[in-house]
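Visitor: I should like to see how the terms used for this structure follow from their definitions. Please set each value against its cut-off.

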Amino acid sequence: MFASASNDGSVKLWNEAYTCIHTCKLGDEMVLAIAAGPAPEQWTAADTSGTVFVGDVQGNIRTHIRHPKSLWSVATLPATGDIVTAGE
């Protein structure tokens with residue numbers, strides 16, 4: 001499975017046959033970054049509104065974290081599951 005971020009405010013989850021199995025609408029802002037984790041079968045995404053979203057492979061949004069300004073990048077640390085962001 002893999003995920004893609006979009007400028008329409010969504011994250012799409014795809015299977016190995018390149019079929020979209022879930023579309024997660026996060027909001028109206030562009031999603032600029034996506035990363036695996038912080039836990040197995042989860043993903044983390046960041047958008048231009050300054051929000052980090054944590055979702056799962058079933059298409060559910062588990063939580064979101066608001067930042068004061070736009071985010072451009074997101075990563076998760078495998079050893080701890082911590083989320084790292086970069087932005088304005």
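Visitor: Which residue of β6 stands opposite Q42?

Guide: D56 in β6 stands opposite Q42. This is a predicted model, in which local features need pLDDT of at least 70 and side-chain atom pairs count only at pLDDT 80 or more, while totals for chains, interfaces and linings use all residues. Residues are numbered from 1 along each chain as its sequence is written, and side-chain values use heavy atoms, with hydrogens and water left out.

Visitor: What makes strand β5 and strand β6 a pair?

Guide: Pairing requires that DSSP find at least two bridges between two strands. Five bridges join β5 (residues 42–47) to β6 (residues 51–56), so the requirement is met; the two run antiparallel. The strands themselves are DSSP runs of E with at least two residues, numbered from the N terminus. The β5 and β6 hairpin has three residues between the strands, and G50 takes a positive phi near 95 degrees there.

Visitor: How do you know that β4 and β5 are paired?

Guide: The count is five bridges, and the direction is again antiparallel. One of the matched positions is A35, whose bridge partner in β5 is T44. β4 and β5 also form a hairpin, with five residues between them and a positive phi of about 95 degrees at G37 in the turn.

Visitor: Why are β4 and β7 said to stand at the edges?

Guide: The open sheet consists of four strands in the order β4-β5-β6-β7, with antiparallel pairing. β4 (31–36) and β7 (61–66) each have a single partner strand, so one side of each lacks a neighbour in the sheet. On average, neighbouring strands of this sheet are turned by 20 degrees against each other, direction ignored. The angle is taken between lines fitted to C-alpha atoms.

Visitor: Why is β5 called mostly covered?

Guide: Five of the six residues of β5 are buried. Buried means under 20% relative accessible area, exposed means over 50%, and partly exposed lies in between (1.4 Å probe, protein chains only).

Visitor: What makes the aromatic pair of F2 and W14 stacked?

Guide: Rings of Phe, Tyr and Trp (its six-membered ring) pair if their centres lie within 6.5 Å; planes under 30 degrees apart count as stacked, over 60 as edge-to-face and the rest as tilted. The centres of F2 and W14 are 6.2 Å apart and their planes differ by 10 degrees, so both conditions are satisfied. F2 belongs to strand β1 (residues 2–5) and W14 to strand β2 (residues 10–14), so the pair ties together parts that are 12 residues apart in sequence. Ring pairs link F2, W14 and Y18 into a cluster.

Visitor: Are F2 and W14 buried or exposed?

Guide: Neither term applies: F2, at 38%, is partly exposed, and W14, at 21%, is partly exposed as well.

Visitor: How do you know that C20 is in no disulfide?

Guide: A disulfide is a pair of cysteine sulfur atoms within 2.5 Å. The cysteine sulfur nearest to that of C20 belongs to C24 and is 8.6 Å away, too far for a bond. A search of the whole structure finds zero disulfides. C20 counts as partly exposed at 31%, whereas C24, at 3%, is buried.

Visitor: Which residues form the largest nonpolar core?

Guide: The eight residues are V11, L13, C24, L26, V31, W43, A45 and F53. A nonpolar core is a set of buried Ala, Val, Leu, Ile, Met, Phe, Trp, Tyr and Cys residues joined through side-chain atoms within 4.5 Å. The elements giving two or more residues to this core are β2 and β5. Apart from it lies another core of six residues, including A33, A35, A46 and V74.

Visitor: With which residues is C24 in contact, leaving aside its neighbours within four places in sequence?

Guide: They are G9, S10, V11, W43, G59 and I61. Contact means heavy atoms within 4.5 Å.

Visitor: What makes strand β8 and strand β9 a pair?

Guide: β8 (residues 71–76) and β9 (residues 83–87) run antiparallel and are joined by five bridges. The bridge partner of A75 in β9 is V84. Beyond its neighbours within four places in sequence, A75 is in contact with A35, D82, I83 and V84. At 33%, A75 counts as partly exposed.

Definitions and conventions. Axes fitted to C-alpha atoms, helices over the stretch in contact; angles between N-to-C directions.
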